[in-house]
Amino acid sequence: MRKTKSFQSVSRQYFYPELKRCPHCRQRLRLLQGLYLKKTIQTLDGVLWLGGYASHCVNPKCQHRQIHYLSSQLAALSLPGVTYGLDVIVRVGWRRQHDHRTMGEIGQELRSAGIQITDREVERLWDYYRLLLRGLTQIDLAKLREAEKTYGGLIWSADGLQPESGEPQLWVVREVLTRTIVHAEWLSQVDQATLQAFLQPVKDLALKTLATVSDQQRALVKALKATWHKPHQACQSHFLRDAAAPLIEQDRAQMVEIKAKIRGIRAIERKIEAASPQDRSAIIVGTYALAIRQGLRFRSRAPLQLGGVRLYALLDEVTCSIQRCLKKGTMSVWLNC
Ligand SMILES: [Zn+2]
């Protein structure tokens, strides 16, 4: 039986469809009431709870009112039916294929990064990785042709994932309406010519295209437009993520600095563990140590979750609280802290 996982810290993210106008009649799309998709996934940056809204065309004369449009960025985070982020799958694939690590070693690495995963699940992710790079099967192609008929055309989105900085990126093309991965390939450089060559096999499928969706990377937008000559829609959330990238980087650096300053916490925890259960000071210091330990699990996540700032605020609060306790005499100085 599959064990249900429980997570201490989950970041909630909501996604709206990037397409604002119906690709058929160009009327403004309207959001459907309530969330269309809910999912929790584990990523390298922590646990995310994803909520996706969908929109549809309300023009009574439009023949494609039944189509529901979802966020392509939401679809890019994970594969359907998989509760690990695509970044984890790519990390598993890279470690296995490039670094020749065993499943046990990869599992160990992921667990030490805070991901709840068994070696068996790592193997399943390795299978998904291979499926990703396998390309379209005849069944997938038949599904796309069916969708082309039903929806009157298809929408392509593309983006890249980097397993480690300075390494090649795994680029993926998705069909947005069916959430099908159509093509994936490792690219060592990202310029318009390379991206156009990467998109060409998808164009060669000769399926009717309604629009393309992506982040604002100039080379990618140019490549999508040059390949299909169709309307292009930029993802606002992608844009926000890109704009916040330097801030997140700074926040992560601050987090490393703060963590280096509170390295002694394990020694204090050991002393607390060894103290008598009646030792009141040990109980109080233990509560503070627990709060700090939880703070050490904070993560910085694009676009706006600043783990470093949260940790700083927490430590500031803990310091003030300790000072108040010392002043009141509730706690005497103990264990060199
Ligand atoms: Zn319409």
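1. Let's start with a pair of helices. H2 and H4 are roughly perpendicular to each other, because they pack at an angle of about 90° and anything from 65 to 115 degrees earns that label. Their axes are 9 Å apart. If you want to find H4 on screen, look for residues 119-134; H2 covers 86-97. One thing to keep in mind as you read on: this is a predicted model.

2. So who actually touches whom in that pair? On the H2 side, the contact is made by Leu 86, Val 88, Ile 89, Val 92, Gly 93, Arg 96 and Gln 97. On the H4 side, the partners are Val 122, Leu 125, Trp 126, Tyr 128, Tyr 129, Leu 132 and Leu 133. Sorted by class, the contact of H2 with H4 has eleven nonpolar, two polar and one charged residues.

3. Now zoom out to the whole chain. It has 337 residues, and 44% of them count as buried. The secondary structure comes to eleven helices and ten strands. Along its principal axes, the C-alpha trace spans about 75 × 50 × 45 Å. The accessible surface is about 18700 Å², with 51% of it belonging to carbon and sulfur atoms.

4. Here's a number worth a second look. Take the contacts in the chain with a separation of 6 or more: residues 24 or more positions apart account for 61% of them. You'll meet a few pairs in the points below that are separated in sequence, with their C-alpha distances in space.

5. Back to helix pairs, this time H10 (residues 280-295) and H11 (residues 307-328). Their axes come within 10 Å and cross at roughly 170°. That makes H10 roughly antiparallel to H11, since the label applies to angles over 145 degrees. Tyr 288, Ala 291, Ile 292 and Gly 295 are the H10 residues in this contact. From H11 come Leu 311, Leu 314, Leu 315, Val 318, Ser 321, Ile 322 and Cys 325. The class count for H10 with H11 is nine nonpolar, two polar and no charged residues.

6. Stay with Cys 325 for a moment. This residue sits in helix H11, and you've just seen it in the contact with H10. Is Cys 325 buried or exposed? Its relative accessibility is 16%, so it counts as buried, the cut-off being under 20%. Cys 325 is also 41 residues away from Ile 284 in sequence, yet their C-alpha atoms are 9.8 Å apart in space.

7. The third helix pair is H6 (residues 192-203) with H7 (residues 218-228). They pack at an angle of about 40°, and their axes are 9 Å apart. H6 and H7 are therefore oblique to each other. H6 passes H7 in a right-handed crossing. By class, the contact of H6 with H7 has nine nonpolar, three polar and two charged residues. Among the H6 residues involved are Leu 195, Leu 199 and Lys 203, and among those of H7 are Lys 222, Leu 224 and Trp 228.

8. Next, have a look at the loop between H2 and H3 (103-112), where His 100 lies. What is the phi of His 100? Phi is positive, about 55°, although His 100 is not a glycine. His 100 is exposed, with a relative accessible area of 62%. Thr 102 has its place in the loop between H2 and H3 too, and at 43% relative accessible area it is partly exposed. Thr 102 and Glu 123 are 21 residues apart in sequence and 9.8 Å apart in space, C-alpha to C-alpha.

9. Arg 179 is another non-glycine residue with a positive phi, near 55°. Where is Arg 179 found? Look in the loop between strand E7 (169-175) and strand E8 (180-187). With a relative accessible area of 35%, Arg 179 is partly exposed.

10. Last stop: Lys 149, in helix H5 (residues 138-151). Lys 149 is exposed, because its relative accessible area is 67% and the cut-off is over 50%. Count along the sequence and Leu 207 is 58 residues away from Lys 149, but the C-alpha atoms of the two are 9.9 Å apart in space.

Conventions: Residues are numbered from 1 along each chain as its sequence is written. This is a predicted model: local features need pLDDT of at least 70, side-chain atom pairs count only at pLDDT 80 or more; totals for chains, interfaces and linings use all residues. Side-chain values use heavy atoms; hydrogens and water are left out. Axes are lines fitted to C-alpha atoms, for helices over the stretch in contact, and angles run from 0 to 180 degrees between N-to-C directions. Helices (H or I, at least four residues) and strands (E, at least two) are DSSP runs, numbered from the N terminus. Angles under 35 degrees count as roughly parallel, over 145 as roughly antiparallel, 65 to 115 as roughly perpendicular and the rest as oblique. A crossing is left-handed if the near helix is turned anticlockwise from the far one by less than a right angle, and right-handed if clockwise. Contact means heavy atoms within 4.5 Å. Ala, Val, Leu, Ile, Met, Phe, Trp, Tyr, Cys and Pro count as nonpolar, Asp, Glu, Lys and Arg as charged, and the others, Gly among them, as polar. Buried means under 20% relative accessible area, exposed over 50%, partly exposed in between (1.4 Å probe, protein chains only). Accessible areas come from the Shrake-Rupley method with a 1.4 Å probe; for residues, only the protein chains shown count as cover.
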